[in-house]
Amino acid sequence: SDSQDLDRTIETLCSRDGLSLAEAMETVVPPIVAEIVALPEELHSFYMYLRQLMGPFAQGPVALMARHGDECVFSADALGLRPLWALESQQDFVFSSEPGVVSVEEMVSEPKPMAPGEKFMVTIDRARRSSTLYPHEAMLREVKKRWLRRTEVEEMAYYKAELRAGG
């Protein structure tokens with residue numbers, strides 16, 4: 001199935017090729033060009049590279065929740081066709097296809113549906129018994145930083161991402 005293929009691909013990228021979960025997820029489900037254009041300019045070249053690396057391998061409709069080691073990634077498809085909700089309690093970050101999985105008394109804010117193409121990353125520090133939430137843009141910056149460090153490249157070649165009229 002498509003889900004098994006996606007799972008095997010991400011597992012291979014993490015286990016065999018040494019990518020972090022966030023890097024693997026961005027490789028197989030990169031932002032669409034319209035989203036890349038809206039990102040800060042310093043991310044354009046990197047994300048256009050990822051977009052061209054595997055093409056539209058897994059664009060949806062899909063809501064993805066993945067964990068590898070102490071890293072979790074949550075992703076809504078580019079068109080927002082499968083809902084994924086972000087919720088926060090006093091002690092937890094919760095992502096779910098339903099907003100009612102956390103009782104109202106436990107919520108610190110209203111449940112928020114993830115926007116089309118939006119992603120979050122949570123890293124877990126077991127020693128400190130804590131976690132860190134990386135909102136969408138912070139996750140994208142972290143993925144670029146990890147990729148450049150892992151490949152020992154200082155910066156991506158310049159690429160100007162732009163939309164042209166009619167396509």
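Okay, let's start with one residue: Cys72 is buried, with a relative accessible area of 12%. Buried here means under 20% relative accessible area, exposed means over 50%, and partly exposed is in between, using a 1.4 Å probe and protein chains only. Cys14 is buried as well, at 8% relative accessibility. So how many disulfides does the structure hold? Zero. The cut-off for a disulfide is a pair of cysteine sulfur atoms within 2.5 Å.

Before I go on, a quick word on what you're looking at. This is a predicted model, where local features need pLDDT of at least 70 and side-chain atom pairs count only at pLDDT 80 or more, while totals for chains, interfaces and linings use all residues. Residues are numbered from 1 along each chain as its sequence is written, and side-chain values use heavy atoms, with hydrogens and water left out.

Now, the strands. Helices and strands are DSSP runs, numbered from the N terminus: a helix is H or I with at least four residues, a strand is E with at least two. Two strands pair if DSSP finds at least two bridges between them. If that's new to you: strands of a sheet pair through backbone hydrogen bonds, either parallel or antiparallel.

Take strand S2, residues 71-76. How many of its residues are buried? Six of six, in fact. Glu71, Val73 and Ser75 point one way, Cys72, Phe74 and Ala76 point the other way, and all of them are buried. That fits the textbook picture, too: in a regular strand the side chains alternate between the two faces of the sheet.

Who does S2 pair with? On one hand there's strand S1, residues 63-68, joined to S2 by six bridges and running antiparallel. Ala63, for instance, has Ala76 in S2 as its bridge partner. S1 and S2 make a hairpin with two residues between them, and Gly69 in the turn has a positive phi of about 60°. Then there's strand S6, residues 119-125, which pairs with S2 in the antiparallel sense over five bridges. There, Val73 has Met121 in S6 as its bridge partner.

Let me stay in S2 for one more residue, Ser75. Its relative accessibility is 2%, so it counts as buried. And what is Ser75 in contact with, leaving aside its neighbours within four places in sequence? The list includes Met25, Val29, Leu84, Met114 and Glu118. Contact means heavy atoms within 4.5 Å.

There's another sheet to show you: an open one of three strands, in the order S4-S3-S5, with antiparallel pairing. S4 (93-96) and S5 (112-113) stand at the edges with a single partner strand each, so one side of each is left without a neighbour in the sheet. Strand S3, residues 85-88, pairs with S5 over two bridges, and Ala86 stands opposite Lys112 in S5.

On to helix H4, residues 41-54. Its buried residues include Leu43, Phe46, Met48 and Leu50. What do the buried residues of H4 pack against? Helix H2 (21-28), helix H3 (33-38) and helix H5 (136-151). Tyr49 is in H4 too, but Tyr49 is partly exposed, at 35%. Together with Leu53 and Met54, Tyr49 forms a nonpolar patch on the surface, with about 240 Å² of accessible area. The areas come from the Shrake-Rupley method with a 1.4 Å probe, and for residues only the protein chains shown count as cover. Patches take residues with over 30% relative accessible area and no salt bridge, joining like charges within 9 Å and nonpolar side chains (Val, Leu, Ile, Met, Phe, Trp, Tyr) within 5 Å. Right after H4 comes Gly55, whose phi is positive, near 70°.

Last topic: salt bridges. How many does the structure hold? There are 11, each one a side-chain nitrogen of Lys or Arg within 4 Å of a carboxyl oxygen of Asp or Glu. One of them joins Glu42 and Arg141, with the closest N and O atoms 2.1 Å apart. That pair links distant parts of the chain, Glu42 in H4 and Arg141 in H5, 99 residues apart. Glu42 is partly exposed, at 41%, and so is Arg141, at 33%.

And here we come back to S2. Arg146 forms a salt bridge with Glu71, at 2.6 Å between the closest N and O atoms. Arg146 sits in H5 and Glu71 in S2, 75 residues apart. Arg146 is buried at 12%, and Glu71 is buried at 8%. Salt bridges that share partners join Glu71, Glu142, Lys145 and Arg146 into one network.
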